[in-house]
Amino acid sequence: MSLRRRKISRSQLGLIGSFLLVLAGLIILGYNYYEKYALRIHEEEQVESFFEQEEEVITEPIDTEVVKETEKKEEKKVDYNYIGVLEINSIGLKRGFVNPNSKYNYVNYNIQIIETSTMPDVDKGNFIVAGHNGNSYISFFKNLYKMKSGDLINIYYNGYKYIYKYDNYYEVDKTGTVNVVRDKNKTAITLITCKRNSKDKQLVFIGYLIDKVEY
């Protein structure tokens with residue numbers, strides 16, 4: 001009788017152990033999901049606060065604080081101090097961008113203004129931005145391929161909304177540099193990302209300014 005009880009007890013312990021492993025896995029998955037959700041909400045709030053601050057600047061200038069060095073745990077929830085916002089309504093993209101000199105102007109944090117870029121307010125200039133493709137949280141440019149010719153690309157910067165019309169895209173080898181092919185008689189925007197399911201190709205999307213309005 002005691003041997004039978006011992007076998008039943010071991011069987012129950014095995015079931016309990018399996019249940020606890022599954023429960024622990026669900027808790028970890030749930031925590032990771034919540035953390036990413038909280039981070040996304042925080043960054044969306046920063047985009048909205050950018051517009052609120054821009055409205056305040058019109059009536060009463062505000063000093064913009066420089067991004068300070070933070071502890072590791074704070075890097076998951078960074079106050080980027082956006083200087084502008086990129087918006088493409090047709091693919092549901094709305095993302096702030098930081099000062100080109102900020103350490104957060106890097107694709108592993110955010111969308112990145114490329115070093116050779118000019119800002120949107122430069123006539124016949126080219127505002128060049130890069131972003132990750134793929135399935136990770138920082139893959140902000142994963143849906144660029146869904147754009148159609150004529151879609152609008154909006155840049156909010158220094159109190160103005162710069163409206164570009166998407167024109168075309170082309171493919172290049174991933175070599176560390178990109179030769180941008182565009183009409184230099186027009187003010188342009190260039191968006192660069194990796195090609196989906198490819199390790200050695202990049203896509204370059206070109207748009208041209210069609211309007212500029214205060215917002």
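In what order do the strands of the open sheet run? In this predicted model, the order is β2-β1-β5-β6-β8-β7-β4-β3, which makes 8 strands with mixed pairing. At the edges stand β2 and β3 (112-113); each has a single partner strand, so one side of each is left without a neighbour in the sheet. Moving inward, β1 and β5 pair up in the antiparallel sense, over 4 bridges. Here V85 sits opposite Y156 in β5.

Much the same cast of strands turns up in the largest nonpolar core, a set of 24 residues in which L86 and L191 have the most contacts. Two or more residues each come from β1 (84-88), β2 (93-97), β4 (126-130), β5 (152-157), β6 (160-173), β7 (188-194) and β8 (201-214). A second core, separate from this one, has 10 residues, including V107, I128, Y170 and I192. Back in the largest core, what does L86 touch once its neighbours within four places in sequence are set aside? The list is L93, K94, R95, F97, I111, F141, I153, N154, I155, I189 and L191.

Then there are the pockets. The second largest holds about 470 Å³ of space. Its lining counts 18 residues, and those closest to the centre are I114, G176, V178, I192 and Q202. Both β4 and β7 give two or more residues to this lining, with β7 giving the most, at 3 residues. By type, the lining of the second largest pocket splits into 8 nonpolar, 8 polar and 2 charged residues. I192, one of the residues closest to the pocket centre, is also part of the second core.

Key: Residues numbered from 1 in each chain as written. Predicted model: local features only at pLDDT ≥ 70, side-chain atom pairs only at ≥ 80, totals over all residues. Heavy atoms only, no water. Core = buried A, V, L, I, M, F, W, Y, C linked by side-chain atoms within 4.5 Å. Buried < 20%, exposed > 50% of the residue type's maximum accessible area, 1.4 Å probe, protein only. Contact = heavy atoms within 4.5 Å. 1 Å grid on protein atoms, 1.4 Å probe; cavity = no way out; pocket = protein on both sides within 12 Å on 5 of 7 lines; lining within 4 Å. Points joined across faces, edges and corners; volume = space filled by probe spheres on them. Nonpolar A, V, L, I, M, F, W, Y, C, P; charged D, E, K, R; others polar. Pairing = 2+ DSSP bridges.
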